[in-house]
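Visitor: I have a few questions about this model. Could you show it first, and then take them one by one?

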Amino acid sequence: MDDTPVPDDDPKPQGKGRPTPKRRDQESKRRQPVHAPKDRKEAYRQMRTKQAAERDRARQGMLAGDERYFPARDKGPARKFAREWVDSRRLPSQYFLPFSLLILLATWIPWPMSIRAAVLGYTVTIGWPIMMIGVLFTSVYVAWKVKRLVAEKLPQESTRGVGFYAAMRALQIRKLRFPPPAVLPGGKPVPKK
């Protein structure tokens, strides 16, 4: 066997083909003028506008469904699963707030005395307890079901707090849920606008 190296047909270029730029030139390119505030009021004004821009960017990210901008309580695959499970169903507990408003309005309307007694009697003795029992049973069922499904489908994820998270989301009116629902009732994805 011959140990002599074989010459390469394509000689590789040596270096990068241009001189290395000086550090001061590169730093001067990166520099931007500093707009120092003139006084304390101007500094607070600049700080508020910067914070408002950051909040707006975070809000737009949350509305778009970007999980980087979600608060800690909404992050993770278990919470995402809980949100999608709740959002893909119509649950009785999501009508809690509209029904409460309806009961409140029924008690505030100045009915004639004979009708007012019946309305108050029915709303206080029948309507309100039925609504509260329905909300309680729905919340317990949603918490139990979501916790069980997360344990089955995502065994590596912690189920701590997921049931309560799902039950609280199920209590909210669908249009007011935050982060906004990513699925429609029935499980289809929300169409992009």
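Visitor: At which residue does α5 bend by about 40°?
Guide: This is a predicted model. In it, α5 runs over residues 113-153. The helix bends by about 40°, and the bend sits at threonine 123.

Visitor: How far apart are the end C-alpha atoms of α5?
Guide: The helix has 41 residues. At 1.5 Å a residue, α5 should therefore span 60 Å. The value for its end C-alpha atoms agrees with that: 57 Å.

Visitor: Which residues does the UniProt annotation "transmembrane region" cover?
Guide: The annotation comes from an unreviewed UniProt entry. It names two stretches, residues 95-113 and 119-144.

Visitor: What percentage of residues 95-113 is helix, and what percentage of residues 119-144?
Guide: Neither span holds strand: residues 95-113 are 0% strand, and residues 119-144 are 0% strand too. The end C-alpha atoms lie 29 Å apart in residues 95-113 and 36 Å apart in residues 119-144. The helix content is 74% for residues 95-113 and 100% for residues 119-144.

Visitor: Which element gives the largest share of the largest nonpolar core?
Guide: This core has 15 residues, and Trp85, Val86, Val142, Val146 and Val150 touch the most other members. Elements giving two or more residues are α3, α5 and α6. The largest share is five residues, and it comes from α3.

Visitor: Which residues does valine 146 touch, not counting residues up to four places away in sequence?
Guide: Val146 is one of the core members with the most partners in the core. Leaving out residues up to four places away, its contacts are Ala82, Trp85, Val162 and Ala166.

Visitor: Is glycine 187 buried, partly exposed or exposed?
Guide: Glycine 187 lies in the segment after α6. Buried would need under 20% relative accessible area, and exposed over 50%. Its relative accessibility is 40%, so glycine 187 counts as partly exposed.

Visitor: How far apart are the C-alpha atoms of glycine 187 and valine 119?
Guide: Along the chain, 68 residues separate the two. In space, their C-alpha atoms are separated by 39 Å.

Visitor: What radius of gyration does the protein chain have?
Guide: The chain has six helices and zero strands. Its C-alpha atoms fill a box of roughly 110 × 70 × 30 Å along the principal axes. A compact globule of 193 residues would have a radius of gyration near 16 Å, but this chain has 31 Å.

Visitor: What share of the residues is buried?
Guide: Buried means under 20% relative accessible area. Of the 193 residues in the protein chain, the buried share is 25%.

Technical notes: Residues are numbered from 1 along each chain as its sequence is written. This is a predicted model: local features need pLDDT of at least 70, side-chain atom pairs count only at pLDDT 80 or more; totals for chains, interfaces and linings use all residues. Side-chain values use heavy atoms; hydrogens and water are left out. A nonpolar core is a set of buried Ala, Val, Leu, Ile, Met, Phe, Trp, Tyr and Cys residues joined through side-chain atoms within 4.5 Å. Buried means under 20% relative accessible area, exposed over 50%, partly exposed in between (1.4 Å probe, protein chains only). Helices (H or I, at least four residues) and strands (E, at least two) are DSSP runs, numbered from the N terminus. Contact means heavy atoms within 4.5 Å. The expected span of a helix is 1.5 Å times one less than its number of residues. The bend at a residue is the angle between axes fitted to the seven residues ending there and the seven starting there. UniProt positions are given in the numbering used here, feature names are shortened, and annotations may be inferred rather than shown by experiment. The radius of gyration is taken over C-alpha atoms; the globule rule is 2.2 Å times the number of residues to the power 0.38.
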